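Work through the exercises below with the sequence and the 3D view open. Try each task before you read its solution.

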Amino acid sequence: MEHATGAGPASRPRRGEQLEVEVESLAQGGRGVARSEGMVVFVSGALPGDRVRAEITKAKKRFAEARTVELLRPGAERVADVCVHEGEPCPGAPWQGLAYERQLEQKSAQVDEALRRIGDLDGFELEEIEPALERWRYRNKLEYSFGERDGEASLGFHARGRWDLVVDVEDCHLASERGNAARNAVREWARRESVPAYDARARRGVLRNLVVREGWRTGQIQTRLVTSAARFPKPPVDLHTAIEGDSGGTDGPTGVLGEERLREELFDLKLEMSHGAFFQTNTEMAERLYSVAAEYAGLSGAERVFDLYCGIGTIGLSMAKRADEVWGLEIVPEAIADAERNAAANRIENAHFMAGSARTGVRPLIERAGKPDVVAIDPPRAGLSQKIVRRVLECEAKRIVYVSCNPTTLAPNAAQMVEAGYTLRRVRPVDMFPQTPHIECVALLERTA
Ligand SMILES: C[S@@+](CC[C@H](N)C(=O)[O-])C[C@H]1O[C@@H](n2cnc3c(N)ncnc32)[C@H](O)[C@@H]1O
């Protein structure tokens, strides 16, 4: 039986209260589902079968949210954690206790459930999920926090539920050895030069966050240091650090030390990206994802393709050889400059790019390029607004290839497209993020009315 410490049996849990619960299943987004006093509790940091002590972080009328404070009894199916930092399970790998086959099953089931339950869609073929090529050490980008312990800088992740404690990461199994070495070099520099972490409460100190990014195929490392406005010694130039001091009155160093852009290779493309541009965090699986997108696009060489939310142009550029022309639209101007540079560097002459929002940019794009045969869409997690879906529908493309990192926003978007005369044909999940609940999938919609 579940019980709340410090609360009567019939009372609803309150924020800050702790409960002992048993996790039954996993919800969309990856949290554990438990029940207490007939109420559903979504518990982060817990897997099916686990009995945990959890602290309520949000209490609503019908459900509550909680975070695991202590694992009291691990579920029978749990596998041993691989990525652990000073005894803390890696926050970047919340599903590492779930066997990989179970992770894949869960992800497929969540895509199916979102499309059917949220989108009220059926009749589509849910294809087998593509497993990841590497289950560990696949991330080309990781973000760390600075903290301070015993008077020196620590650099790693926040301990579970502790905003004030950062555990040092020596070897994160999501990062490559090169990426780990770069992070450790920054920590050594901070200690050697006595550069203090930023203390948000006291509004004192310097170092806030570090992002380490890596060209998977080129071996190039790039780091981004987020700091306060204070002065501090420069980090080693071989880390190609972009320093982002607090805006306004910064008197510390800002700008880039070393090379400005990160080089990466994808298929036979040589790519460059600016610090602020998006790039998939799993290079090997990005190739798989874009291969599925190209397969669904069904190109014969005669098509005009729109690549909406194109970033540095990856999807469009990888399709350009098989299309008549591609047109990319993206909101970040630096990414568009990268996309144009990438097209030129790879001698791709039939790819064109426009900076602008999907909300206001699709109509001007149609005016400039004409209506497309195929639209590829790859939005952030929030998906498309209803208005943007309407703009996409105005393209009257034969096929829409929707690359989604969130099936719960793909579902209503696809439903709106189906309502307007498209048929959802095929959906294939691609596992880009092993050990995490993040799900990527590609959906093919065809115009049938
Ligand atoms: C998931 S990323 C995909 C990027 C690219 N297709 C790739 O695979 O590398 C989403 C992209 O959408 C861009 N974006 C976000 N909101 C946008 C908007 N309203 N209009 C156009 N692009 C937007 C982001 O800057 C980001 O580059």
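**Exercise 1.** In which sense do strand β15 and β16 pair, and over how many bridges?

*Solution.* Find β15 at residues 241-244. Strand β15 pairs with β16 in the antiparallel sense, over two bridges. Then look across: Ile243 stands opposite Gly255 in β16. Strands here are DSSP runs (E, at least two residues), numbered from the N terminus. Two strands pair if DSSP finds at least two bridges between them.

A note on the source: this is a predicted model, in which local features need pLDDT of at least 70 and side-chain atom pairs count only at pLDDT 80 or more, while totals for chains, interfaces and linings use all residues. Residues are numbered from 1 along each chain as its sequence is written, and side-chain values use heavy atoms, with hydrogens and water left out.

**Exercise 2.** Place β16 in its sheet: what is the strand order, and which strands stand at the edges?

*Solution.* The sheet is open, has seven strands and shows mixed pairing. Its order is β12-β11-β10-β13-β14-β15-β16. The edges are β12 (166-168) and β16 (255-256). Each has a single partner strand, so one side of each is left without a neighbour in the sheet.

**Exercise 3.** Which strands pair with β10?

*Solution.* Start with strand β13 (residues 207-214): β10 (residues 141-149) pairs with it in the antiparallel sense over five bridges. One bridge partner in β13 is Asn209, which matches Ser145. Now take strand β11 (residues 152-158). It too pairs with β10 in the antiparallel sense, over five bridges. Here Phe146 stands opposite Leu155. Last, check the turn. The hairpin of β10 and β11 has two residues between the strands, and Asp150 takes a positive phi near 50 degrees.

**Exercise 4.** Trace the open sheet of eight strands and name its edges.

*Solution.* The order is β9-β24-β25-β23-β22-β19-β20-β21, with mixed pairing. At the edges stand β9 (125-126) and β21 (351-355). Each has a single partner strand, so one side of each is left without a neighbour in the sheet.

Next, walk through some pairs:

- β9 and strand β24 (residues 422-430) run parallel, joined by two bridges. Glu125 has Arg426 as its bridge partner in β24.
- β24 and strand β25 (residues 440-447) pair in the antiparallel sense over eight bridges. Leu424 stands opposite Leu445.
- β19 (residues 304-308) and β22 (residues 374-377) pair in the parallel sense over four bridges. Val305 has Val374 as its bridge partner.

**Exercise 5.** How many residues surround the ligand, and which are the closest?

*Solution.* Count residues with a heavy atom within 4 Å of the ligand. There are 16. The closest are Tyr290, Tyr309, Glu330, Ala358 and Asp378. By class, the shell has ten nonpolar, four polar and two charged residues.

**Exercise 6.** Which atoms of Tyr290, Ala358 and Ile331 lie close to polar atoms of the ligand?

*Solution.* Look for polar contacts, pairs of N or O atoms within 3.5 Å.

- Tyr290: an N or O atom in its side chain is 2.5 Å from an oxygen atom of the ligand.
- Ala358: a polar backbone atom is 2.8 Å from a nitrogen atom of the ligand.
- Ile331: a backbone N or O atom lies 3.3 Å from a nitrogen atom of the ligand.

Finish with the cover. On its own, the ligand has 600 Å² of accessible area (Shrake-Rupley method, 1.4 Å probe). The protein covers 87% of that area.

Conventions: A residue is near a molecule or strand if one of its heavy atoms lies within 4 Å of it. A polar contact is a pair of N or O atoms within 3.5 Å; within protein, one must be able to donate a hydrogen and the other to accept it, and residues adjacent in sequence count only if both atoms are side-chain atoms. Ala, Val, Leu, Ile, Met, Phe, Trp, Tyr, Cys and Pro count as nonpolar, Asp, Glu, Lys and Arg as charged, and the others, Gly among them, as polar.
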